[in-house]
Amino acid sequence: MYFPALLYTCILSMLFLIDGIPIHPDSLKNLVRLQADTIIHKIKEHNEKLQLYPNLHIGNSELDVLADKPIQGLGSIVDTVTTIQKVLQRLPKGHVSQLRSYVSTLLGYFNERMTFMHCTPKEPANGRSLDAFLEENATRHHITLGYITLDILKQFLQKLIDNLDQLKNC
């Protein structure tokens, strides 16, 4: 079920990269929907293997608010996905490598769209507390941190799928 979606995503991505022609907004919506569905499916598979308690909390204010953060155009989408990607990149290799790759691809679509639309990137929120938190916890508590971050990502992507029209706004 997800292989054809992933193949479609790869083909559209390659066409964009080869031609340098921006993806039509409706095609981008489909591409993002397929990529988000694939990531959500992979997160569910990953979490089923871990069998952790579903209501874990990590106590970092920058991460805790991400799932509830409103989607207000590409800037807020990129800001949220960049923060999630930052956490995933700090986790040990192998733990969530494939998901990190999917998120990186998705972030690339958003960044290309922002460039095409001449959107001004938002300055990241004060990431120092997140950096300090990751410095202390990314290695020692990588399973818990990965689980919680992926859960936040899953919630965000589900909300994004319902708000794909926000891809038209900076």
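At 11% relative accessibility, valine 78 counts as buried, since the cut-off for burial is under 20%. This valine lies in helix α4 of a predicted model. Beyond its neighbours within four places in sequence, valine 78 has contacts with Leu107, Phe110, Asn111 and Met114. Of these partners, Leu107, Phe110 and Met114 are listed among the buried residues of α5. The C-alpha atom of valine 78 is also separated by 8.6 Å from that of lysine 122, although the two residues stand 44 residues apart along the chain.

The protein chain as a whole contains 7 helices and 0 strands, and its elements follow the pattern α-α-α-α-α-α-α when read along the sequence. Of the 170 residues in the chain, 45% are buried. Contacts between residues at least 6 apart in sequence join residues at least 24 apart in 82% of cases.

Helix α4 (residues 74-90) also packs with helix α7 (residues 142-162): their axes come within 10 Å and cross at roughly 160°. This angle is over 145°, so α4 is roughly antiparallel to α7. The crossing of α4 past α7 is left-handed. On the α4 side, the residues that meet α7 are Ile77, Thr80, Val81, Ile84, Val87 and Leu88. Their counterparts in α7 are Leu145, Thr149, Leu150, Ile152, Leu153, Phe156 and Leu160. By class, the residues of this contact comprise 11 nonpolar and 2 polar, with no charged residue.

Helix α5, which supplies contacts to valine 78, spans residues 97-116. From the first C-alpha to the last, the 20 residues of α5 reach 29 Å, close to the 28 Å expected at 1.5 Å a residue. The buried residues of this helix are Leu99, Arg100, Tyr102, Val103, Leu106, Leu107, Tyr109, Phe110, Arg113 and Met114. Two arginines, Arg100 and Arg113, are thus included in the buried set of α5.

Just after α5, histidine 118 adopts a positive phi of about 60°. Most residues other than glycine have a negative phi. Histidine 118 is such a non-glycine residue with a positive value, and it is found in the loop that runs between α5 and α6 (128-137). With 71% relative accessibility, histidine 118 counts as exposed, because the threshold for exposure is over 50%. Valine 78 in α4, by contrast, is buried at 11%.

Key: Residues numbered from 1 in each chain as written. Predicted model: local features only at pLDDT ≥ 70, side-chain atom pairs only at ≥ 80, totals over all residues. Heavy atoms only, no water. Axes fitted to C-alpha atoms, helices over the stretch in contact; angles between N-to-C directions. Helix = DSSP H or I, 4+ residues; strand = E, 2+ residues; numbered from the N terminus. Parallel < 35°, antiparallel > 145°, perpendicular 65-115°, else oblique. Left-handed = near helix turned anticlockwise from the far one by under 90°. Contact = heavy atoms within 4.5 Å. Nonpolar A, V, L, I, M, F, W, Y, C, P; charged D, E, K, R; others polar. Buried < 20%, exposed > 50% of the residue type's maximum accessible area, 1.4 Å probe, protein only. Expected span 1.5 Å × (residues − 1).
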